[in-house]
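Visitor: I would like to learn how to read side-chain contacts in a model of this kind. Please take me through it feature by feature.

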Amino acid sequence: MAVSQNTDLHVTDEKKPCPLCPEEKFKACYSHKLHRHLQNLHWKVSVEFEGYRMCICHLPCRPVKPNLVGDQTFSKMGAHYHCIICSATIMRRTDMIGHINRHVNKGETESRFITVPAPKSSREVLKESATDVQVLPNYSTPQKTDSYFNPKMKLNRQLIFCALAVLAEERKPIECLDAFGATGIMGLQWAKHLRSSVKVTINDCNENSVTMIQENCHLNKMKVKLNTKEEDNDEAMGDGEENTDTIEVTKMDANVIMHLRSFDFIHLDPFGTSVNYLDSAFRNVRNLGIVSLTSTDVSSLYAKAQHVALRHYGCNIVRTEYYKELAARIVIAAVTRAAARCNKGIEVLLAVALEHFVLVVVRVLRGPSPADDSAKKIRYLIHCQWCEERIFQKEGNMVEENPYQQLPCDCHGSMPGKTAVVLGPLWSGALFNTGFLRRMLFEAVQYGLDEVQPLLKTLVCEAECTTSKHFSTHSPYDENKQEECGVYIKTPNTSAESFLVHGKRKSDELIRNAAKRQKPENSAEHPAFYYNIHRHSIKGMNMPKLNKFLNYLSEAGYRVSRTHFDPMGVRTNAPLAQFKTILMKYSTPTYTGGQAEGPLHLAEDVQAAEQVQAAADGKAEDDEFLEDDKSGMTAAMFTKGYPTHCAAD
């Protein structure tokens, strides 16, 4: 069924059947139910062609091949599409799109059928961070709409806005690109809040999305500068009165616009992986600019589709307890290789991996020396599949006789067979930049972004590897914090003349920048990876509270912090053996008769802790232990409130 998009469907109050479904499947109903049925079932999966939509049909127009069951033959009717150019009936939507494209290539675009009116698509206006956007029906399903809008990615958009706000404080004005605009919500937030500090360009290759972006710009009182060709054929549209800022809207492929123009800030957010756009992004990005990318192909990055990860990123991975950080390091390794091909190095400012996406923000350092330094940080990871201990391989090209010796654990000697796997190549450097994160937190407070502030505080503590009680907030533009960034950052007190001009810098500034880049940050660099406290808990023992366990590790002399990758994860430089020892030391036995009135920490008596560890190994050892030491150790292990028969049991 082909219907026009510019007409309305007038349905009376009488009961009417669906024109595309048999009566036994959908009975006659009133107008509101019929409209909802047509909109949700037929209109969502329709195929668009020159102002018309070919809706899916469930009528017995095309019988499926019969199935023989015994002596009877059953034929099932299948859903299909009718081509408005020829008389073909096609089953799948993808095949229908290819069929229409073949007609277009042959020059056959005239319809041979008469069309009927169709329901007009209603638009909804959503508001986020004081920015209004119009969205089409099914806006949260990318396969069913041209203008995709995901409300769950609000945290992602706020993180990117804070990163852009920090860059806008360093140099003004900056040219920023949203390569995949969709509804234009991200570029509109940049222009509305940062105003004259940024020159926003929103790009999309879909014509319907470009139209939607223009309408959303008018809705937010923004001027639009349209550029749909590679030449400079610009057309000014709109008469914004409240805001005189102009947003440039382009209709190009993302690779094309990044090859043609230079930008200070580029954000990539395609549907799926972003590896196809990395070479173009690093080709013309300006020095000390920022490239941020959001990867939503979490099925491959989180080791659910390992063959896809090998195909897209060239990495061998398995499912581990630290799979989210593994995904972030995979993406950064791909970014590093793409930047190195353009003789550019990177400095990782931020890496976030949550349920729906992996966000990576890097600063670009132009030159072969930074490119070589960044490429050297890509290494392989040795992962033990028994105890989940892990360590990066040593630098060098020499083949070792026994790679298992690099692992701190002795599982290979005590377990049969091969116990470890090689993962990667991965990024082995730092995932966070403390100075940049503190300035992001400052910008989040300035613009009232309350939802992203707890995450940024967690990231700052994770970057410094400290607990939240030691977290201190001070001015993000102090000189000592500038040195942590690894590059020369212009503060509000620095004159604009001593910074840089796009494409050129003074020689003395170049020397100072190179010196600051080479400052070692290994002393303040956070430990790689984290341990899940539940994964390494002892059977039959009650673990201590997570915050108390962090204090115990800190008192033992190790650096420790929580991680945003895992709510029960602990990032620490303690070896796994010490991690388990401290966890065992402050765990309490689990009793069937009841629980103790408080945590029984045996820190003062090391021998008692060893007895508790022996008690957790097996029931037979428990009975023997209780028979031998009933007097002294029973009083130390059990609370006074428990009767004697509970302790004996």
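Visitor: Which residues do ring pairs link into a cluster?

Guide: Some ground rules come before the rings. This is a predicted model, in which local features need pLDDT of at least 70 and side-chain atom pairs count only at pLDDT 80 or more, while totals for chains, interfaces and linings use all residues. Residues are numbered from 1 along each chain as its sequence is written, and side-chain values use heavy atoms, with hydrogens and water left out.

Guide: Rings of Phe, Tyr and Trp (its six-membered ring) pair if their centres lie within 6.5 Å; planes under 30 degrees apart are stacked, over 60 edge-to-face, and the rest tilted. Here the cluster consists of Tyr-322, Phe-392 and Phe-529.

Visitor: How many aromatic pairs are there in the whole structure?

Guide: The search finds eleven. In one of them, the rings of Tyr-322 and Phe-529 have centres 4.6 Å apart and planes at 55°, so this pair is tilted. Tyr-322 sits in the loop between α9 (306–313) and α10 (323–341), and Phe-529 in the loop between α16 (507–517) and β22 (531–532), so parts 207 residues apart in sequence are tied together. Helices (H or I, at least four residues) and strands (E, at least two) are DSSP runs, numbered from the N terminus.

Visitor: Is Tyr-322 buried or exposed?

Guide: Buried means under 20% relative accessible area, exposed over 50%, and partly exposed in between (1.4 Å probe, protein chains only). Tyr-322, at 0%, counts as buried, and Phe-529 counts as buried at 2%.

Guide: Another pair, Tyr-552 with Tyr-586, is stacked, at 3.8 Å centre to centre and 15° between the planes. Tyr-552 belongs to helix α17 (residues 546–555) and Tyr-586 to the loop between α18 (576–585) and β26 (588–589), 34 residues apart. Both tyrosines, Tyr-552 and Tyr-586, are buried.

Visitor: Which residue lies over the face of Phe-529?

Guide: A charge sits over a ring if NZ of Lys or CZ of Arg is within 6 Å of the ring centre and within 35 degrees of the ring normal. Over Phe-529 it is Arg-329, at 5.0 Å from the ring centre. Arg-319 lies over the face of Tyr-323, at 3.8 Å.

Visitor: In what order do the three strands of the open sheet run?

Guide: Two strands pair if DSSP finds at least two bridges between them. The order is β22-β25-β24, with antiparallel pairing. β22 and β24 (560–562) are the edge strands, each pairing on one side only. Three bridges join β24 to β25 (residues 569–572), and Val-560 stands opposite Thr-572 in β25.

Visitor: How many salt bridges does the count come to?

Guide: A salt bridge is a side-chain nitrogen of Lys or Arg within 4 Å of a carboxyl oxygen of Asp or Glu. The count comes to 16. Strand β25 takes part through Arg-571: Glu-325 lies in helix α10 and Arg-571 in β25, so their pair ties together parts 246 residues apart in sequence. Their closest N and O atoms are 2.9 Å apart. Glu-325 is buried at 0%, and Arg-571 is buried at 0%.

Visitor: What is the relative accessible area of Glu-451?

Guide: Glu-451 is partly exposed, at 48%. Its salt bridge with Lys-154 has an N to O distance of 3.1 Å. Lys-154 is also partly exposed, at 23%.

Visitor: Which residues are linked in a network of salt bridges?

Guide: Arg-171, Glu-175, Asp-264 and Arg-286 form that network.
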